[in-house]
Structure formats: structure tokens, C-alpha cells
Amino acid sequence: MTILETSGLTKRYGRLTAVDHVSLSVEKGQVFGFLGPNGSGKTTTIGMLLGIITPSGGAFRMFGRDGGDELHAARRRIGATLETPNFYPYLSGRDNLRVAARIKGVAEDRIGEALDIVGLTGRQKDAFRKYSLGMKQRLALAATMLGDPELIILDEPANGLDPEGMREVREIILALAARGATIFLSSHLLNEVERTCTHVAILRSGKVVRQSAVRDLVAGATVASVASDDLAALRRIVAEYPAATGTEERGDRLFVHLADDDLASLNRFAHERGVTFSHLAVEKRTLEDVFIEATAKDAVGGAA
Amino acid sequence: MKIGSLIGIEYLKTVKRRAFWVALAFLAFLSTVAMGSELMGGRRGVSAPLVAPYSWAMAAGEMGPMPAFFLALTIVMLVTSEFSWRTARQNVIDGLSKEQFFTAKWLMATMVALAFTIVPFAVATGVTIYGRVTGATPTSTLAPSSAPSSAEQAATHAAFADSTRKALATVRTATDSQRVLVSRQADSTQAALRQALRDARAQRPRAVYPPPDPGAPLVSLGDLKVFAGFFLGSLGFAAMAFMLAMLLRSTGGAIGVFMLYFAFLEQMIGLLLRRFGSADLANKVVPYLPVNALRGPTNPNVWHEAHVERLNAVAASLGQARVTADADMMKLVGLPLAWIGVFVLVTFLVFRKRDL
Ligand SMILES: Nc1ncnc2c1ncn2[C@@H]1O[C@H](COP(=O)(O)OP(=O)(O)OP(=O)(O)O)[C@@H](O)[C@H]1O
Ligand SMILES: [Mg+2]
């Protein structure tokens, strides 16, 4: 079931197109990472989904509904944060959650549980303004999970957290996903995304340049590092190999970008042509490699 | 979402806001000073003492633009902080529609306007009860206008001349030992002047008040009308502050513009019309401008006949002009309501269109 779907979503600020025909599709149960460098339009996109920024063009559907009051009703089934944790500084953590619960129409006795999950029970009576950044982020997470929303949208939930805080946030997100929530989160912490997300979309200058399952993005981009006594022969047979999409040479190594991850087939291909590898290893590419490649200045348009 | 829940949410936000209570307490304090001084000793410029059944009308007359100012300050603060903390955004993200957020905020402004009306009237009631219980009687002796009458000025001159003459005569006829004593007093012109002023005050014509009626109800129908009129005016100033805060989204900006318009710009418009148009045009337009229009219903004289009669009795005893009140309902009620409608509608239309 498609929980969230955008088609051609666009936002223009004067001559700047902050979000440019973004089409995304998020299925139920996914943990969807929305990646992009600073200023690529992540917050603007999420702002449009949440009804606080009016789109200049395009459309989107949530839970299969679109437009007006229906969409507004759909938003009640969402827990979301945008940019920073936004709370009343003079109210305690608990009172801030009471405001959120009343708006969402959630019973106030669910607040304790949410505070418990994010580990703020001990500080719930303190004013929000006295919280550390990490505590503020965790309170925002607690607010999003009130009322067991079907979709949780988080804009950089781990922003400014220490490694321990990041790990806690990751565990909370995975726990929410395990409870059946669909999660849409923006980030530029690629390591975190690779560890938490099932799917990603990469945004560059307002355009989606990649969108796929994390597994496919990384797996589809296997790099084999090979070496042979006869480097010239090696170059020749690699150039002939059908699944090779590109090569780089570093020292006596040849890095072969493969369309699949079938190293055995490469080995057989070379052997049949009389070239023996003195070295054959797989260099799994990380999401970071994919991200840097997709968002590089010269990767115009992107080949999604 | 029901109106009740919207009010509940705003209530939760407002009652824990210390600044709200500070503003309200400050208003209560200033009201007490303004009205208490009536009872305690009188002061120059005070129109007439607080004696039930006229206390509410007096309170409304006494307070002047002060509650409007405090009210505006408080509403601006309560509204703009929703933008600076980005909680307006979060409220919408959490599930309020922009229309609901707007409604909740305007309801809050209405409630605050009501609170800021109740406080000065509650203080007036308190002061009156205090006066009744302790039997404190009004001591202020000045008439509705604060300038001394010409009769009063003549009396002061006469008294001054008289006491100076007496002092000089004493010096002339005194024995040596007496002269030392007297000269200490007479050489000091200050002392002589002080004495002269004291004498003059004693001779000043005293205002004659209709006797207070201890059996009168603490609050009459006229009082309720005064209260309602004061609330209407307050609501208008609340709407004006609400509009500025929602549109400018900055505390300094909204308060600055409010003050500038409230204290200065509207008069400027009047002056410019007089200068470049005609006096006739200015007289026609100026009463319809917001500050004048909204201060109309806060004038107790238009609502409370008994109060006006009383003021006129005092004025008559001092030989001053009668107080008149123009009770044109269109101007007193229709015009403020129209302004409130304009402010709220403009705010709504702009707010709905703009991103949060
Ligand atoms: N209100 C606005 N008016 C004008 N331009 C804006 C506005 N909001 C955002 N932008 C511009 O739109 C672009 C996208 O901004 P956005 O905040 O969506 O980026 P982002 O991907 O969230 O970046 P970051 O990772 O830094 O949070 C930026 O160039 C930004 O300057
Ligand atoms: Mg952002």
C-alpha cells in the first residue's frame, strides 16, 4: 500500500526553484531516507507535505487521499518534526506533550509511555528551555509517536547529537518501525541512513537524482579490485567484459565497476581468455560513495 | 475540532506564561493606584470620587488608554512568540488546520481582552467596598476639569496678598523679641507663600457632591453597560494588536507600530487633513479612525445617565460647563464592530495565504 506519493511537487521562491518536480513513492512499512546536501530542498519538501508551505505546483497523496480537508484529516495520522524541535520554552516537557496530545486528540495517559521510550521521564517536569539539545530532539521524537501514528516524518532527527545520542535515536526509530509505522526521514548522516533505512531518495538542487532500495543502490554498484602480472592484457579483457560499467586505475590495481556483483563470472571470463588474476577482491561501495557521486556538481540530471 | 478544545489548548499555553500574569498584575497595581488615590487623598486632575453606585463608571473614566496599552502588549507577546518559537508551525504539523490555529488565537485574544477588562473593574469594586467599610470619604475637591477656575485663581491671589500684608504688619508692630521670632518666619518668603497657598486652598470653592447612597447596589444596569462598552473598546484594541502581531510576526515591530499609531499617527492624519483638506473634512473623518472609534465606547458618560447627572451636579456647583455625551449607537457600537471585523478579516485572509 502506498502511504505517501508525490508527483511533480514543486516550490519556487522567486527565481529559485527550491523543489523541482519531486516524485516520490513511499510504501507501507518502509524506512525511507530522504537524502540531499544542504539547501537541496529536503525541509521545503517536507514542509509542503505537512501543510505549512504552499506548493507552487504538483500534487501529493497521503493514505490515498488528496487535497483540502481530507488531506488535513490524514495529517492527524502522522507524527512529524520539521527542522528543529519546536516547543514552548516555558512549559515543561510533559506540558508540551499535553499541548501536542490535545491537538492530536490523543488521550493524555499516553504521554507517560512516550516519555519513557525516549528516556525523559526523569526530566519531564523541567521547562523545555532547560533541556540539552539531545533532550530537545528526544522530546520531539516523543511528540511524534503520540497516538501511534501510521506515518512518522522526521527532518534530521539526529542533528547535533553525540554518537551515543545517535545510537539511541536510531534504536527508537527502528523500534517505531518494528511497531508497524512507516518512517520518512531526511538526513545527511549517510552512515545512519545506511543502518536504519530500507529505501532512499537522493535530492540535488531540488531534483530527485536517485530513488531505490538501499540494498539495490549499494549492491548494484559493486566494485571489483583486480590485479594481474600482465596489466595490458587485464585492461583489454576488462574492457570487453559485458557487465563492466567503468574502470579506474590506481597503482597496479584496476577497479572495475560492475552492473552485478558476480565476481565468479568475471574471474571465469578472464581465465577463459588466458588472464590470471593475482588479486581479486570486492570493494562494497557505501551509500556515501553513491551519494557523493549522485550529488556531484557534474552529475547533471542524474541517472536514477 | 470543537471550539472548547481550541480554548483548552490556548488556556494551557497562556496560564503557565509568567509574562501574562506579570502584565495582569501590573495593570491591577496601576488600577489600584489610580483609583485608590481617589479615596486616599485626592489628586489634581481627578474628576470625582469613587462612591458606589458610580464606581464602575468612574473606573472606566479613570483608566484612560492604559488598559488598552497593556492589553495590546500582552496580545502581541502571546501571538508573536508562536512564530519566533515556531510553535505555530508545530501546531499545524500536529494537526490543527491554519483556520483552527487562527480561530484559537483570536479566541485567546478575546479572552485576554475580557481579563483585561475585568481586572480594573474588579479593583474599582474592591476600592469601593473598602471605602464603604472604612467610611473613607472622598477628599478631592477639584471639578471635572483639571484647570483651576478663574474664581479659584482670584482667591489665590487675594489670599497671597492678604497673608503677605498680615505678615508685614506683624513685623511692623512687633517688639524686638517678637521681631526675632517673627522674622524667622516672615523673612522666609517661601514660608509665607506656602501659608498663602494653604489659605487659598481653604477658600477655594468646594465641589458639592450629591450625597453617597450607602444602600445603592454595588453594580447597576448602567454599570454593566459601562463594562460592556469598555470591553468592546478593549476588544477593538485587541483586534488591532492581534492583526499587527499576526502580520508582522515580530514583537518589537508590532508593539512599535501599535504605539506609533495609537499615540501619534492618528493625530497626524487629523492634522494633515486639516492642513491639506479642510477643518470640515478632518472633523468628518477623524472620529471614524480606529483609535477614536474604539475609545468611543470606553467613555462611561455615554452609558451611565446617573453618572452624567452626578458629574453635572458637581460641575454646576463650580460654575463649570455641563458634561454632554453623544450616545449615537451606530458610532458607539457599530463602528467599533466594523473595525474589529476589518482587522480580523484582513488578518485571516493574509494569514491563510502565507506560509508558516
Ligand atoms: N522561505 C524561503 N524563502 C526563500 N528561499 C527559501 C525559503 N526557504 C528555503 N529557501 C531556499 O530553498 C532551498 C532549499 O532549502 P531547504 O531548507 O529545503 O533545504 P534543506 O535540504 O532542508 O537543507 P539543510 O540540509 O541545510 O536543512 C535553499 O536554497 C533555501 O535557501
Ligand atoms: Mg533542512
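**Salt bridges and nonpolar cores in the predicted model**

A salt bridge links A:Glu108 to A:Arg102, with 3.2 Å between the closest N and O atoms. The structure examined here is a predicted model. Both partners of this pair are partly exposed: A:Glu108 has a relative accessibility of 31%, and A:Arg102 has a relative accessible area of 26%. Through salt bridges with shared partners, A:Glu108 and A:Arg102 belong to one network that also joins A:Asp95, A:Arg98 and B:Lys16.

Within this network, the side chains of A:Asp95 and A:Arg98 form a salt bridge with an N to O distance of 2.9 Å. These two residues are both located in helix α3 of chain A, which spans residues 93–104. Their positions are three residues apart, corresponding to about one turn of the helix. A:Asp95 has a relative accessibility of 8% and therefore counts as buried, the cut-off for that class being under 20%.

A further salt bridge pairs A:Arg250 with A:Glu248, and its closest N and O atoms are 2.9 Å apart. A:Glu248 is classed as partly exposed because its relative accessibility is 33%. Over all chains, the structure holds 27 salt bridges. In general, side chains of opposite charge can pair when their charged atoms come close.

The largest nonpolar core comprises 107 residues. The members that touch the most others in this core are A:Met62, A:Ile153, A:Phe184, B:Ile75 and B:Phe116. A second core, separate from it, has 47 residues, among them A:Leu97, A:Leu161, A:Ile173 and A:Leu185.

The surroundings of B:Phe116 were examined without its neighbours within four places in sequence. On this basis, B:Phe116 contacts B:Phe20, B:Ala23, B:Leu24, B:Leu27, B:Pro67, B:Phe70, B:Leu71 and B:Thr74. The last of these residues, B:Thr74, is part of helix α4 of chain B, which covers residues 66–84. With a relative accessible area of 1%, B:Thr74 is buried. When neighbours within four places in sequence are again set aside, B:Thr74 is in contact with B:Phe20, B:Ala23, B:Val112 and B:Phe116.

For chain A, the average pLDDT is 87, and 95% of the residues score at least 70. Residues 299–304 of chain A, however, have a pLDDT below 50. This stretch has 11 contacts in the model beyond near neighbours in sequence. Where pLDDT is low, predicted coordinates should not be read in detail.

Note on methods. Residues are numbered from 1 along each chain as its sequence is written. Chains are lettered from A and ligands numbered from 1 in the order in which they are written. This is a predicted model: local features need pLDDT of at least 70, side-chain atom pairs count only at pLDDT 80 or more; totals for chains, interfaces and linings use all residues. Side-chain values use heavy atoms; hydrogens and water are left out. A nonpolar core is a set of buried Ala, Val, Leu, Ile, Met, Phe, Trp, Tyr and Cys residues joined through side-chain atoms within 4.5 Å. Buried means under 20% relative accessible area, exposed over 50%, partly exposed in between (1.4 Å probe, protein chains only). Contact means heavy atoms within 4.5 Å. pLDDT is the predictor's confidence in each residue, from 0 to 100. A salt bridge is a side-chain nitrogen of Lys or Arg within 4 Å of a carboxyl oxygen of Asp or Glu. Helices (H or I, at least four residues) and strands (E, at least two) are DSSP runs, numbered from the N terminus.
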